[in-house]
Amino acid sequence: MSFRGFQKSVIRAPQQLKSKFNIGEHTKDPIYIDAERRFQELEAETKHLHDESKKYFEAINGMLNHQIEFSKAMTEIYKPISGRMSDPDSLVLHGNIEGIRACEEYEAVVKELQETLAPELEMIDTRVIRPANELLDVIKVIRKTATKRDHKQLDYDRHRATLKKLQEKKDKTAKDEKALWKAENDVEVATQEFNYFNDLLKDELPKLFKLERDFIQPLFQSFYYMQLNIFYTLHERMQQCDIGYFDLTLDVEDAFYKKRGDIQEQAEKLSIVKFKTSGMKRPPKYGAARPALESSSQPQGLLEAGPSSSSTPSVPAATRPWQRQESDEKHPPPPYTPVMATASHAPSVTSPKPSSLSAAAAVKAKPKPPPPKPKPAQFAAKKTVETVTALYDYSAQAEGDLSFRAGDVIEIVTRTKNENEWWVGRLNGKEGQFPGK
């Protein structure tokens with residue numbers, strides 16, 4: 001934009017805002033408004049026609065190129081997977097020789113098709129894409145004229161508002177009279193320029209619409225016939241394609257299952273294709289299991305120590321002499337009093353050992369721990385949810401399968417003891433089957 005154009009855009013900005021928000025008086029021509037709407041549709045549809053015809057041209061070329069690349073990829077897959085120098089049998093061919101030969105024949109057929117269809121595709125470019133591009137260039141020139149007409153309308157409305165404001169002023173000075181005379185001249189010039197572009201577009205846009213219909217008719221007819229030639233050539237050449245590797249007498253699905261055989265079942269038996277899960281304790285597959293640090297069994301018949309805040313490990317009372325001395329001082333044994341032998345049949349009473357008395361006294365002195373509080377019903381009935389974490393991505397292969405991504409936490413609904421079987425899980429509110437390993 002030049003400096004003069006920038007100045008004009010700044011001057012027109014207030015009037016443009018008023019027109020946008022419908023403030024003040026604005027010139028409206030219903031005939032031009034309808035023609036402008038039709039012109040906008042023509043502009044959009046011509047751009048769409050150009051883009052879609054170009055995409056069709058690129059799609060046909062891309063289809064043939066993808067067919068050739070597909071054949072090359074299949075050839076590489078059919079070749080033997082070998083370590084080359086590290087493989088002593090690298091010079092021996094173990095690949096699918098018939099499949100490789102079929103891929104090479106198919107690639108030759110597609111390349112021949114490319115050469116055959118090249119003239120037809122070139123006609124699409126010259127008879128459809130280029131004319132549509134030329135029509136776009138014409139529309140761009142008309143768009144510039146329509147934009148200039150909008151600018152002249154803004155100038156016309158702006159000068160007319162200034163003139164009306166000066167005419168309504170009651171007490172005019174000499175300066176106001178001079179401004180009034182200048183405003184009248186500006187309105188006259190703006191009226192002439194606006195009417196010129198407005199009448200020009202109203203007169204010639206309908207002619208453009210008629211020419212556009214006459215232009216599109218042969219364009220569409222040419223595209224239709226060229227499209228028929230392309231598909232007819234494709235059909236005829238592929239119908240004549242005689243590659244012994246393909247059995248065209250069978251149905252597509254039947255031929256597929258016949259070629260595949262039991263390969264899928266053999267692949268599913270491999271351990272490396274099984275899915276693995278984590279998130280719960282499992283017995284180790286190799287070596288003996290390590291003893292858990294938390295679970296330590298206590299010998300039977302030993303006294304249990306009461307609750308204590310100390311971190312000293314619990315030791316049976318009989319093996320703690322310091323506790324025995326302490327208990328002896330607090331609870332001394334009863335004095336020894338010999339029993340009077342008043343009867344010959346009375347049993348002899350022997351003196352109890354101090355250690356056994358002190359241990360019994362210590363047990364009697366310690367209060368029993370209170371019974372544990374019963375759990376509320378809502379917590380007692382709640383079961384622990386078992387989950388697993390996905391290590392790899394998996395997409396559902398059949399209806400009822402559960403799809404997930406690596407790192408998703410799956411809630412287990414039903415599981416079996418065999419990890420190689422399928423389990424039932426829930427993820428994001430959806431329930432389905434997934435491989436357990």
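## Helix packing

Helices H2 and H4 run roughly parallel to each other, because the angle between them is about 20° and angles under 35 degrees count as roughly parallel. The model described here is predicted. The axes of H2 and H4 lie 10 Å apart, and H2 passes H4 in a left-handed crossing.

H2 also packs with H3, where the axes come within 8 Å and cross at roughly 165°. An angle over 145 degrees counts as roughly antiparallel, so H2 and H3 are roughly antiparallel to each other. The crossing of H2 and H3 is left-handed.

## Overall makeup

The chain has nine helices and five strands. Read from the N terminus, the order of elements is α-α-α-α-α-α-β-α-α-α-β-β-β-β. That order starts with six helices, then places a strand before three further helices, and ends with four strands.

The chain counts 437 residues, 23% of them buried. About 33600 Å² of the chain is exposed, and carbon and sulfur atoms supply 57% of that area. For contacts between residues at least 6 apart in sequence, 68% join residues at least 24 apart.

## Nonpolar cores

The largest nonpolar core holds 24 residues, and those that touch the most other members are Leu 64, Ile 124, Ile 230, Leu 234 and Ile 243. Helix H2 (30–78), helix H3 (97–167) and helix H4 (174–239) are the elements that give two or more residues to this core. H3 provides the largest share, twelve residues.

Ile 124 gives a local view of the packing. Leaving out residues up to four places away in sequence, Ile 124 touches Tyr 56, Phe 57, Ile 129, Met 226 and Ile 230. A second core, separate from the largest one, has twelve residues, among them Leu 42, Ile 142, Leu 201 and Leu 208.

## His 159

His 159 sits in helix H3. Its relative accessibility is 17%, and His 159 therefore counts as buried, the cut-off being under 20%. Apart from neighbours within four places in sequence, His 159 is in contact with Asp 186, Val 187 and Ala 190.

## The strand region at the C-terminal end

Thr 414 lies in strand S3, which spans residues 409–414. With a relative accessibility of 44%, Thr 414 counts as partly exposed, since that class covers values between the 20% and 50% limits. Thr 414 touches Trp 423 and Val 424, when residues up to four places away in sequence are not counted. Glu 386 is 28 residues from Thr 414 along the chain, and the C-alpha atoms of the two are separated by 9.9 Å.

Strand S4 (422–427) and strand S5 (430–435) are joined by a loop that contains Asn 428. Asn 428 has a relative accessible area of 76% and is exposed, the cut-off for that class being over 50%. Phi of Asn 428 is near 55°, a positive value in a residue other than glycine. Most residues other than glycine have a negative phi.

How values were computed. Residues numbered from 1 in each chain as written. Predicted model: local features only at pLDDT ≥ 70, side-chain atom pairs only at ≥ 80, totals over all residues. Heavy atoms only, no water. Buried < 20%, exposed > 50% of the residue type's maximum accessible area, 1.4 Å probe, protein only. Contact = heavy atoms within 4.5 Å. Areas by Shrake-Rupley, 256 points an atom, 1.4 Å probe, with all protein chains shown as cover. Core = buried A, V, L, I, M, F, W, Y, C linked by side-chain atoms within 4.5 Å. Axes fitted to C-alpha atoms, helices over the stretch in contact; angles between N-to-C directions. Parallel < 35°, antiparallel > 145°, perpendicular 65-115°, else oblique. Left-handed = near helix turned anticlockwise from the far one by under 90°.
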